[in-house]
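Trainee: Hi! Could you walk me through this one? I'd like to start with how a charge over a ring gets called.

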Amino acid sequence: MRTRGRAPWHVPGRPGPRSPKPQDVAMVMAELGERLNGVTPPSAITVPTRVHIISSGAERKVSDAAVHAQIDTLNSAYGGKFGGVDTGVRFRLDGISVKEQPAWFTDPIRRERDMKSALHVGGADTLNLYIAQLSELMLGFASYPYWYAGAPALDGVVIDWRSLPGGAMSDYNKGFTGVHEIGHWLGLFHTFENGCKAPGDGIDDTSPEARPTEACPQGKDTCPTQDGQDPAHNYMDYAHDRCMWEFTVGQADRMHEMWAAYRSTPAV
């Protein structure tokens, strides 16, 4: 998930979205080795994308133009146009639906199962992107590829409508919450996963990072005894949108590996 700042977003007594456990990185890396035996990951990936706009009333808060702007941002970010590498991943908008359901709009975490069970379409290779309203401290949450087999109807990404390009969420309105959360959907962990301890996020070319990045620091290095400064500008960290601009070669490779192992039709 992506949150705003250090303050805890979770309200005691209320359920939160499912999150990976620290040991999941090592588990997934081991499972990848087994699943990819004799399999060549694709060199390019086009993701069929279905966008579900949840509305609190008859007047929707998200226009079709805003959805297209988000898809354009995804393709630019994953294409390396803001910085970093071209990951070889692209997104094809296959449809936009609008659902008036106030309870889903204001609490997509507790209503996740109802919302997704009603709206989810496609298989493991289809991105279902739900746009609703989260709390002031939480921007979005996502499912991971290795969860798909256990809960296919819950697969997808949920983001706050105010985080879309040009939205009202100060410091988080360039559309990079979608970039970040879809990175999880494609199999990437946070760059600060496991802190300074191996295996970190499981990616060789993202330096170890003890804690999430806040705002837009320069020269952040929370694991000083290890090589490299924190990947503070990586899309899988928590910096402000204006300070996020890259995926790495290792992350691009991992997305393709995860796609072959969990999201391509023959492997699921």
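Mentor: Happy to. A charge sits over a ring if NZ of Lys or CZ of Arg is within 6 Å of the ring centre and within 35 degrees of the ring normal. Arg 263 is one case: its charged end sits over the ring of Trp 185, 3.8 Å from the centre.

Trainee: Which residue lies over the face of Trp 147?

Mentor: That is Arg 18, at 4.1 Å from the ring centre.

Trainee: Before we go on, what is the average pLDDT of the chain?

Mentor: This is a predicted model, and the protein chain averages a pLDDT of 93. Of the residues, 94% score at least 70. Residues 6-12 have a pLDDT below 50, and that stretch makes 13 contacts in the model beyond near neighbours in sequence.

Trainee: How should I treat a stretch like that?

Mentor: With care: where pLDDT is low, the predicted coordinates should not be read in detail.

Trainee: Okay, on to the sheet. What is the order of its strands?

Mentor: The order is S1-S5-S6-S4-S2-S3. These six strands form an open sheet, and the pairing is mixed. S1 and S3 are the edge strands, each pairing on one side only.

Trainee: How many bridges join S1 to S5?

Mentor: Two, and the strands run antiparallel. Arg 2 stands opposite Gly 140 in S5, while Thr 3 has Met 138 as its bridge partner there.

Trainee: And which way does S5 pair with S6, parallel or antiparallel?

Mentor: Antiparallel, over three bridges. Ala 142 faces Val 157 of S6 across that pairing.

Trainee: Is S5 mostly covered or mostly open?

Mentor: Mostly covered, with five of its five residues buried. Take Gly 140, which belongs to this strand of residues 138-142. Gly 140 has 0% relative accessibility, so this residue counts as buried.

Trainee: What does Gly 140 touch?

Mentor: Leaving out residues up to four places away in sequence, Gly 140 touches Met 1, Arg 2, Leu 134, Val 158, Ile 159, Thr 177 and Glu 181.

Trainee: How far apart in space are Gly 140 and Leu 32?

Mentor: They are 26 Å apart, C-alpha to C-alpha, with their positions 108 residues apart in sequence.

Trainee: Changing topic: helix H6. What span should its 15 residues give?

Mentor: They should span 21 Å at 1.5 Å a residue. The end C-alpha atoms of H6, at residues 249-263, are 20 Å apart, which agrees.

Trainee: How many of the residues in H6 are buried?

Mentor: 12 of its 15 residues, so the helix counts as mostly covered because a residue is called buried under 20% relative accessible area. Among them are Gly 250, Arg 254, Met 258, Trp 259 and Arg 263.

Trainee: What covers those buried residues?

Mentor: The cover includes helices H1, H2 and H5 together with strands S2 and S3.

Trainee: Can you pick a residue from that helix to look at?

Mentor: Sure, try His 256, which lies in H6. His 256 is buried, with a relative accessible area of 7%. Apart from neighbours within four places in sequence, His 256 is in contact with Pro 41, Pro 42, Ser 43, Ala 44, Ile 45, Thr 87, Gly 88 and Val 89.

Trainee: Now rings. How many aromatic pairs does the structure hold?

Mentor: There are 12 aromatic pairs. In one of them, Tyr 78 and Phe 91 have ring centres 5.0 Å apart and planes at 70°, so the pair is edge-to-face. This pair links distant parts of the chain, with Tyr 78 in helix H2 and Phe 91 in strand S3, 13 residues apart.

Trainee: Is Tyr 78 buried or exposed? Same question for Phe 91.

Mentor: Tyr 78 is buried, at 0% relative accessible area. Phe 91 counts as buried too, at 5% relative accessibility.

Trainee: Which residues form the aromatic cluster?

Mentor: Tyr 78, Phe 82, Phe 91, Phe 176, Tyr 235 and Phe 247 form one cluster.

Trainee: Last one: where is Gly 16?

Mentor: Gly 16 is in the loop between S1 and H1. At 38% relative accessibility, Gly 16 counts as partly exposed. Its C-alpha atom is separated by 25 Å from that of Met 258, 242 residues apart along the chain.

Conventions. Residues numbered from 1 in each chain as written. Predicted model: local features only at pLDDT ≥ 70, side-chain atom pairs only at ≥ 80, totals over all residues. Heavy atoms only, no water. pLDDT = per-residue confidence, 0-100. Contact = heavy atoms within 4.5 Å. Helix = DSSP H or I, 4+ residues; strand = E, 2+ residues; numbered from the N terminus. Buried < 20%, exposed > 50% of the residue type's maximum accessible area, 1.4 Å probe, protein only. Pairing = 2+ DSSP bridges. Expected span 1.5 Å × (residues − 1). Phe/Tyr/Trp six-rings, centres within 6.5 Å; stacked < 30°, edge-to-face > 60°.
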